Every structure is written in structure tokens, then in C-alpha cells.
Amino acid sequence: MTMSAKGFWTSTPGARIFGLLVTLAVLGVVEAAIRADIVNAFIVPLPSQIAAAIPRIVAEENVLYRFWQTTQEIFAASVLLALVGVGLGVLLYSFRTLRLACETWVAALAAAPVVLMYPLFLVIFGRSATTIVMIGFAAGIAPVILKTVEGLAGVRPVLIDVGRSFRVSPAQQFRLILLPAALSSVFVGLRLGLVFAMINIVGVEFLINFGGLGQLINDLAERYDLPGTYAAICFVVAISIVFYVMTGKVERRLRPHQ
Amino acid sequence: MMATPAQADALLRVEHVSKTFATPDGPVKAVDDVSFNVAPGQFVSIIGPSGCGKSTVFNILGGLLGDYEGRVTVAGETIKGTHPAIGMVFQEESTFPWRTVVENVAFPLEIAGVPKTERLEQAAHFVQMVGLHGFERRYPAELSGGMRQRVAIARTLASKPRILLMDEPFAALDEQTRLLLGDKVLQIQQALQQTTLLITHNLTEAVQLSDRVLVMTYRPGRLKRVVDIDLAHPRDSEVVSSDAFGHYVAEIWHDLREEASRGIQDAESQALHRTR
């Protein structure tokens, strides 16, 4: 059976191809705008030059190793976010007084520019990957805590009553009812936290000139190698895609009904 | 006072139960001195207008609501809190969306520590009993409202309660589905000889399913009248077209009409009070 043209474009592969074509079209427009001197080539390099710079920075700047370094830092921060962030969210949900006392402060932390505290982290952890991971963690923890509390507080009372009617223990209630019911909100928090962590990790690498892709971007920018700088940014985007896909896969595994 | 034979045989005994709630407008007595018995294998319905305390009685019997006056016993044992002899089916949609049908039904067995293979086998039996064979691996989101309520009933039956306590389980369903599900519940109840207490505000449902209907007054909820339903068993939804059925419905409605009118008047006066 053949698929109609409309059917193809509304299918998942069709939508993906459409997204790719739109991206290529936008890059084409930017390329044309730079070549026509509408956009200054000293500020935004040609997309074709950026594409050409990718194999160069792979060969000359050891970009794959730096990619791996940044990925490891983001992974470490995301594990900390999941363990500590969800744990603190559960704690705040369990103790109402603690929640009333702390929730506003946690919300304030979400809006705070944590990255500006990097000198303090340098003093505590030194100029090391630990500083970078801890700043990423601190920047991303607030949404994880807040969305965990929101998810747990939003569990429908009837589901809790079902558990009570079957005489579940508090641990069973948490493991079998509260956590699965709150998982959707918890994942929203984890995704947000991960985005904040990623931005801050690359930002701190840039600021303290240490580690993976952030440091490379700093080096290349200081050398005024704009195509190389943008090519390195493409690798940051690639990390973001990797983590987005990974969290999606974990969520689908834990929430197969969605 | 000496107990009658029926009282002596009672599986569930509710004695002088009252419950008062503290509200911003002062204490509100939701249930006042309610007493009744349910014999083993009997199907009893409690009917009353909205706000008569039916759900309060449900929560007290299920052990979800404490701090009440009076006594509730199951087979002579006074119950405080939830009790393994009482299984509850709730009015609201209560299946776990993240579990398949069979996993939902196996939930109480998992709590009881039954090994996985065994509990899934037992759960499949109850899934079949409620007529959902073939839907074992589906998630609740893939089912209709009536099917989801059947999953909830199967889940409660899987815990093998001595008393099945249901709070308006078909309230959200259309009338035709409600009648047909009533047939299914009756079949199961008769097959298992399951002692059942149904809370409802639906006259047809109460008469179709019950051996006995307890009519409650509007707030505070008291027992106004007990009507024994002497319709033949096995019974199905065809019974609604019989003269005897119409007679019972009319008889109960006669008592209920006054209470329902009081409920509406009360709601209207409260709404008027709020707008002033």
C-alpha cells in the first residue's frame, strides 16, 4: 500500500525530514544574507565555513575528547540532580513545615545567576571538573525540587485512598503509587534542570578556561577563529541533543503508558 | 436487647454510627445514629440525595475516616482503620494509569507478597471474570470508562474481601452502560456469593442490584427506611421492565423525593447566602 504525500509529511519520518529541510533552508538564507553583505561576515561566519571547520577542529583541537569531557561533566551533574534533587523534593513534600519554609527560597534559587558564584566554587573545589559539575548541579537543582514537590502534591487523592484501602506501607505507597504518579512532573523538572546544568557547565568551562567544549570555545574565540568557534558550539548542541534523546528514552522506559 | 437471628448472622454490623465535621461555619453533623446489618452473601444498597452522608458512611466502613461515634464490626470483630475483610471500589476513576490491566488487578496481590507469576495468573482470572479477557496488556488510557471501572472492581475482588464496598462506581457512566455493568456485577456477586454494600443515588441501580435498600435522609444522614427487594434471582437488567420493579422504584422515590427536595432547597439557600 502506498502512502499519500499528505500522509508521508504527517508521519514521524516525514516530519523529521521536514525539520531537516527547514534547518537547511534557514542556513541557506543565512549564507545568502552574509554573501549579500546584509549580515557582517566578521560577526557571523558563513554556515559553509562552519561546516568546513568541523573536520578541522576534530583533527587539530581534539574536539571529540573535549566533547567526551563535557558529556561526562553533564552526566555527573544529571545523576546528582536526579538523586539529590528528587530526594530533596520528596523531603519537602513529606514535611509540610519544611516545604512552607523553603519552597520560596528554592524558587528564588531557580532565578538566581548561580554561574556568577564561580569564584566561591573555585575556592571550595579548586580549578577542576568538580567545580564545573557542582555549579551545573547548583544551577539545575531548583526546578527538579520544585517539579518533584508539584508532582507529588498533585497525585490524585483517590489513588492514595486505593493504596490505603489495600493497607500499603508508607514505603510501598511511595514506590508503587506516589512516585509513578508524579513521574511525569519529575521528568519535566529533570529536563529543565538538565538544560540549566548544561548551560552553566559550558559557561563555567568558558569562564575558568578549563575542561571540555567551553574551554575550546574560549580558545577559539580568543584566536578570533569564528568558524571554529561556531563549529565547537555545534558540538555543544550535539551534546544537548544526546541528553534530550537519552532522557526521552529513560522516560519512555519508566512511563510506557505514555 | 436480644439480637434477632438476622442480626446474630450479620457479617457487617453498623451500630449507632455518627460523624460530625468541623467546618468554618461550625460543626456539621453528616451522619446521625446510623445502624444496620448486612448478612453474608447479601447485596445491600444505601440510597440518598446528594449531601446525605453516603460517602461519609463509605469512608467510615472502609476505614479511611476515623474519629466517629458508634461501632462497626465485621464477623464480630470491631474494625478500626482499614481492614482486609473490606474491599473498596471508588466513585472516581481509580485505576493506576502506569500499570496494565492485569498489573492493576494484581496490585493487592503484590502488596500481599504473592510471587509475580502466581499473582499475574490470579489477576488474569479476575480480569476474565469482569469480562475483560484480551485486554490484559492494555493500559487504562486505552479503555472506556466502564471498562476502567471493571478493572477497579476486579482489582478489589483480587484482594478477596469478605465485603465488597462500592461508592457509586457507575456514577460517571451513561444509563445503558450502567444497566449492563449492573448485570455483570450481579453475575459476579451471585457467582462468588459476595457480600456487597453499594452506595448510590441511582434508584434504578439500587433496585436492580439489591436484596435490600436503605434509604437515607438529607443532612444529617439518618436511616429513613429499609426496603426489602423481593425480586427473583438470578436477576438481570430485563427486570427494569417488570411491574414489580416499577413498584419498588415508586415506593423508594416516595421517600426519597422529600429528602432530595430538602437537599435542593438547602443548596439554593446556601448559594443565595454566598451571593449576599
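How many residues does the contact take from chain A and from chain B? Colour the two chains separately and have a look: chain A puts in 13 residues and chain B puts in 17 residues. Keep in mind as you click around that this is a predicted model.

**Stop 1: chain A's side of the contact**

Select 157-165 and 170-208 in chain A. These are α8 and α9, and each of them supplies at least two residues of the side that touches chain B. Of the elements here, α8(A) gives the most, with six residues. Now colour that side of chain A by residue class: you should find six nonpolar, three polar and four charged residues.

**Stop 2: chain B on its own**

Hide chain A for a moment and switch to cartoon. Chain B carries nine helices and 10 strands. Its radius of gyration is 19 Å, close to the 19 Å that the globule rule gives for 276 residues, so chain B is as compact as a globular protein of that length. If you draw the principal axes, the C-alpha trace spans about 55 × 50 × 45 Å along them. Shade by burial and 42% of the 276 residues in chain B come up as buried. A contact map is worth a glance too: among chain B contacts with a separation of 6 or more, 70% link residues 24 or more positions apart.

**Stop 3: α5 against α7 in chain A**

Bring chain A back and select residues 96-111 (helix α5) together with residues 129-153 (helix α7). The two pack at an angle of about 140°, with their axes 8 Å apart. That angle makes α5(A) oblique to α7(A), and the crossing is left-handed. For the side chains, show A:R99, A:E103, A:V106, A:A107, A:L109 and A:A110 on α5(A), then A:A142, A:P143, A:I145, A:L146 and A:V149 on α7(A). By class, this contact has nine nonpolar residues, two charged ones and no polar ones.

**Stop 4: α9 against α10 in chain A**

Which way does α9(A) pass α10(A), left-handed or right-handed? Keep α9(A) selected and add residues 213-222, helix α10 of chain A; their axes lie 7 Å apart at an angle of about 45°. The two helices are therefore oblique to each other, and the crossing is right-handed. Zoom in on A:V202, A:G203, A:V204, A:E205 and A:F206 in α9(A), which meet A:L213, A:G214, A:Q215, A:I217 and A:N218 in α10(A). The class count for this contact is five nonpolar, four polar and one charged.

Conventions:
Residues are numbered from 1 along each chain as its sequence is written. Chains are lettered from A and ligands numbered from 1 in the order in which they are written. This is a predicted model: local features need pLDDT of at least 70, side-chain atom pairs count only at pLDDT 80 or more; totals for chains, interfaces and linings use all residues. Two residues are in contact if their C-beta atoms, placed from the backbone, lie within 7 Å. Helices (H or I, at least four residues) and strands (E, at least two) are DSSP runs, numbered from the N terminus. Ala, Val, Leu, Ile, Met, Phe, Trp, Tyr, Cys and Pro count as nonpolar, Asp, Glu, Lys and Arg as charged, and the others, Gly among them, as polar. The radius of gyration is taken over C-alpha atoms; the globule rule is 2.2 Å times the number of residues to the power 0.38. A residue is buried if 20 or more other C-beta atoms lie within 10 Å of its own, exposed if 12 or fewer, and partly exposed in between; C-beta atoms are placed from the backbone. Axes are lines fitted to C-alpha atoms, for helices over the stretch in contact, and angles run from 0 to 180 degrees between N-to-C directions. Angles under 35 degrees count as roughly parallel, over 145 as roughly antiparallel, 65 to 115 as roughly perpendicular and the rest as oblique. A crossing is left-handed if the near helix is turned anticlockwise from the far one by less than a right angle, and right-handed if clockwise.
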